[in-house]
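Open the model in your viewer and keep the selection tool at hand. This tour goes from one selection to the next and says what can be found at each stop.

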Amino acid sequence: MKKNTTILLGLICFAFSSMSAQSNWHIGKFKVKKIDFSLGYETDYINSMDYGFFVDQMDAVQQAKLAELNFADSEFYSGICENPSINVGLTLVHPAVRSLEWRNSIAYKPNRVDAISYYNNSDYDGAYINLSGRHAEFTIESAAIFKLSLLNLLNLYGGIGTNMGITNNNTTCVFTSFDLTADDISFRNTAEVEGNVPSGAYGSGDGYNDCFQTGSQFNQRAFLQVGAGLVFFKRIELGLDIKYGVGYRADFGHSVDGTQLVSTNLNLRYILK
């Protein structure tokens with residue numbers, strides 16, 4: 001195992017040294033100009049993310065039981081959609097349009113979180129329900145970016161792009177201050193995850209807490225992008241990119257919901273000769 005790892009690292013180092021030594025490494029008619037790495041944080045907010053967004057994944061019987069809880073829109077307490085990301089890719093340039101960069105990348109979003117909470121104070125101690133989903137998303141992305149270079153030290157960027165990604169092995173958790181049985185919130189085509197959420201007392205009752213495996217989802221987004229980068233030693237570029245866009249999330253077998261994207265990425269790019 002250690003020998004294989006050493007060989008793999010050696011091949012990677014050889015590939016990078018070979019690429020940096022070449023002045024004309026091409027993919028088709030495009031020249032590979034940069035090797036990209038970035039860390040990002042984004043909110044991919046679901047337009048219709050409410051109580052129903054989560055319970056829509058349940059069968060009709062369970063939906064009816066939960067609907068009787070009567071959490072209204074006015075009792076909405078909080079909601080989040082947070083996605084950290086790790087991105088690697090290549091920047092391509094066509095000789096005929098050197099100011100236009102074609103960026104292509106793959107991204108891994110290891111802990112995407114959607115969550116929402118409702119609170120009703122009609123009882124003495126009040127009642128609440130929190131529903132949250134955790135996912136890991138794999139994404140491919142492509143963007144056309146115009147570059148304005150100032151003194152070969154500062155690059156300004158602007159353009160458009162799109163990405164698409166898929167998640168599987170999703171987990172959805174339910175926390176309540178009131179009593180429910182496992183049958184009340186079982187999912188139609190899922191297996192229950194055992195033991196990862198302890199039960200406990202919430203509010204005036206014993207409460208109900210549990211997590212479930214849910215189905216796969218497909219995401220697609222289109223966005224505007226602006227950014228800037230500082231160039232060091234003519235080979236290293238450190239930069240910041242900001243994206244704003246819209247898209248949709250399709251939950252296979254259930255709903256399709258619109259999304260709004262706001263993303264910030266810190267990036268490191270190696271500029272080839």
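Begin by selecting Lys234, which lies in the loop between strand E9 (217-232) and strand E10 (236-251), where helices (H or I, at least four residues) and strands (E, at least two) are DSSP runs numbered from the N terminus. What is the phi of Lys234? Although Lys234 is not a glycine, its phi is positive, at about 65°. Lys234 is also exposed, with a relative accessible area of 68%; here buried means under 20% relative accessible area, exposed over 50%, and partly exposed in between, with a 1.4 Å probe and protein chains only.

Before going further, note that this is a predicted model, in which local features need pLDDT of at least 70 and side-chain atom pairs count only at pLDDT 80 or more, while totals for chains, interfaces and linings use all residues. Residues are numbered from 1 along each chain as its sequence is written, and side-chain values use heavy atoms, with hydrogens and water left out.

Now zoom out to the whole chain, whose secondary structure comes to three helices and 11 strands, running from the N terminus as α-β-β-α-α-β-β-β-β-β-β-β-β-β. Of the 273 residues in the chain, 41% are buried. Among the contacts (heavy atoms within 4.5 Å) with a separation of 6 or more, 73% are between residues 24 or more positions apart.

Next select Asn152, which sits in the loop between strand E5 (127-150) and strand E6 (154-176). Asn152 has a positive phi of about 60° without being a glycine, and Asn152 is exposed, with a relative accessible area of 64%.

Keep Asn152 and Lys234 selected, since both belong to the lining of the largest pocket, together with others including Lys33, Lys147, Phe233 and Ile271. This pocket holds about 210 Å³ of space, and strands E2 and E5 each supply at least two residues of its lining. On a 1 Å grid over the protein atoms alone, a pocket is an open set of points with protein on both sides within 12 Å along at least five of seven lines, whereas a cavity is a set where a 1.4 Å probe fits but cannot get out, and lining residues have an atom within 4 Å of a point. Grid points are joined across faces, edges and corners, and a volume is the space filled by probe spheres set on the points.

For the enclosed spaces, the count comes to three cavities of 30 Å³ or more, and the largest has a volume of about 220 Å³. Select Ser38, Ser105, Glu141, Lys243 and Arg269, which lie nearest the centre of the largest cavity among the 18 residues that line it. The elements giving two or more residues to this lining are strand E2 (30-46), strand E3 (76-94), strand E4 (97-120), E5, E10 and strand E11 (256-271).

Stay with Lys243 and add Phe223: Lys243 lies over the face of Phe223, at 5.1 Å from the ring centre. A charge sits over a ring if NZ of Lys or CZ of Arg is within 6 Å of the ring centre and within 35 degrees of the ring normal. Another such case is Arg103, whose charged end sits over the ring of Tyr157, 4.4 Å from its centre.

Finish at Ser216, in the loop between strand E8 (208-214) and E9, which is partly exposed, with a relative accessible area of 26%. Leaving aside neighbours within four places in sequence, Ser216 is in contact with Thr167, Asn168, Asn170, Ala250, Asp251 and Phe252. The C-alpha atoms of Ser216 and Asp251 are separated by 6.4 Å, although these residues are 35 apart along the chain.
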